[in-house]
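Notebook open, model loaded. I want to look up a couple of loop residues and then some helix packing.

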Amino acid sequence: MTRVGVVGLGIMGSAYARNLLAAGHEVAGHDVATERMETLEALGGEPAATNAQVARASDVVLIAVATVDGLREAVAGADGIVSGARQGAIVVEMGTFPLAEKEWARTVLGSRGVAVLDAPVSGTGLQAEAREIVIYASGDPAAMSQAKPVFEVLAKAIYDLGEFGNGSKMKYLANLLVSVHNLATAETFVLGKAAGLDPDVILEVISAGVGSSRIFEIRGPMMAADDYPPAARLKMFLKDIDVIGGFARDLGAPTPMLDAALPWYQEAVEAGLGELDAAALARLLADRVSGR
C-alpha cells in the first residue's frame, strides 16, 4: 500500500482518488473547492488543509490541476508542495502544460530532493473513473518504478517514454488529434441531421465503418442526444490548442488542421459553451444551420 496525495480534486483528480481508495491505498487530497474535499472525506480519504500537508502525508503526489497558475500555486505557492515534500518522495505532474512549466516544477522540487515525473494522460473524466485512461510517463527510471503501482490502479495502459518531457510531447500529438476529431465528429452529426438522418442511426452506422474514431465513439452519443455533461470541458481545449500550437511553431512544424479548428473552439467558448463537454461544438454548428 502506498500513501498517495492528490492535488486538485476536479473531474480527473477525484477519479484518481476514488480508484486509489478502492484499491486500498491511503489518499490525502487538497482542492480549493470545499465540496470536493467533503466528497473525498466521504469516500474514506483524508482532506488536507494545504498542498504542503498533502505532500507531508504522501509517498507519491499526483498533481491534477487545470491551469499553469494552478500548477505554480500547487508547487510553490503559500503552503505549496515544495514546503511539505519529503526527500525521496515522488511528484507526478499529470496535466497538459508547456514543457517550460514542467521543467520549472522539476527544478523547484528537485531542490528538495524530490523526483518529478512528467506523466500526462489521454482520456476523459469518464474514462478516468472507469480506469480506461492511458498514461504517457517520462522521467527518472527509479521514480518511474516506484510510481508504477499507482499508475496501474489508474490506467489501462502505461507507456514509459524515456527522458523527462517526452510524455508531454506525446500528449501534444494525442490532443492535436482529439481537437481535430472533436470538430470533425461535430460537423458530421450536424450535416447528417441537416440532411434528415436519424442521429442514432448516424452513430450506429458510422461507428461500424472505417470513418469512425475513438472520439466519434466517445462524443458521438452526446452529439446524438444533444446532451453534453463535461467529461472534458470545451474551454480546456483552448488551453491545450495554444500549448500544442506554440510547441509546433517552435519546431517549424505546420498544423493546418489544428489551426483551422481553433476559431471554432474560440467561438464556442464565446457562445457560453465552455463549461460543457467539447462535444458541444455540435450545438454551435447546429445553431449555424438553424440561423440562430
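I started with Ser 212, which I found in the loop between α9 (199–207) and α10 (214–225). This is a predicted model, so I am reading everything below as computed.

Is Ser 212 buried or exposed? I got a relative accessible area of 19% for Ser 212. The cut-off for buried is under 20%, so Ser 212 goes down as buried.

Next I checked what Ser 212 touches. Leaving aside neighbours within four places in sequence, I have Ser 212 in contact with Ile 206, Ser 207 and Glu 217. With Glu 217 there is also a polar contact, side chain to side chain, at 3.5 Å.

Second loop residue: Ala 33. I located Ala 33 in the loop between β2 (26–30) and α2 (34–42). Its relative accessible area came out at 15%, so Ala 33 is noted as buried too. I also looked up the spacing to Gly 10: the two residues are 23 apart in sequence, and their C-alpha atoms are 8.9 Å apart in space.

Then on to helices, beginning with α1 (residues 11–22) and α7 (residues 141–154). I read a packing angle of about 105° for this pair, and their axes are 9 Å apart. Angles of 65 to 115 degrees count as roughly perpendicular, so that is my label for α1 against α7. Which residues make the contact? From α1 I listed Tyr 16, Asn 19 and Leu 20, and from α7 Val 150, Val 153 and Leu 154. Sorted by type, the contact has five nonpolar residues, one polar and no charged.

Last pair: α8 (residues 166–194) and α11 (residues 234–251). Here the angle is about 125° and the axes are 10 Å apart. That falls outside the 65 to 115 window for roughly perpendicular and is not over 145, so I put α8 down as oblique to α11. For the hand, I noted that α8 passes α11 in a left-handed crossing.

I wrote out both sides of this contact as well. On α8 the residues are Lys 169, Tyr 172, Asn 175, Leu 176, Val 178, Ser 179 and Asn 182. On α11 they are Phe 237, Asp 240, Ile 241, Val 243, Ile 244 and Phe 247. How many are nonpolar, polar and charged? My tally for α8 with α11 reads eight nonpolar, three polar and two charged.

Definitions and conventions: Residues numbered from 1 in each chain as written. Predicted model: local features only at pLDDT ≥ 70, side-chain atom pairs only at ≥ 80, totals over all residues. Heavy atoms only, no water. Axes fitted to C-alpha atoms, helices over the stretch in contact; angles between N-to-C directions. Helix = DSSP H or I, 4+ residues; strand = E, 2+ residues; numbered from the N terminus. Parallel < 35°, antiparallel > 145°, perpendicular 65-115°, else oblique. Left-handed = near helix turned anticlockwise from the far one by under 90°. Contact = heavy atoms within 4.5 Å. Nonpolar A, V, L, I, M, F, W, Y, C, P; charged D, E, K, R; others polar. Buried < 20%, exposed > 50% of the residue type's maximum accessible area, 1.4 Å probe, protein only. Polar contact = N/O pair within 3.5 Å; in protein donor to acceptor, adjacent residues only side chain to side chain.
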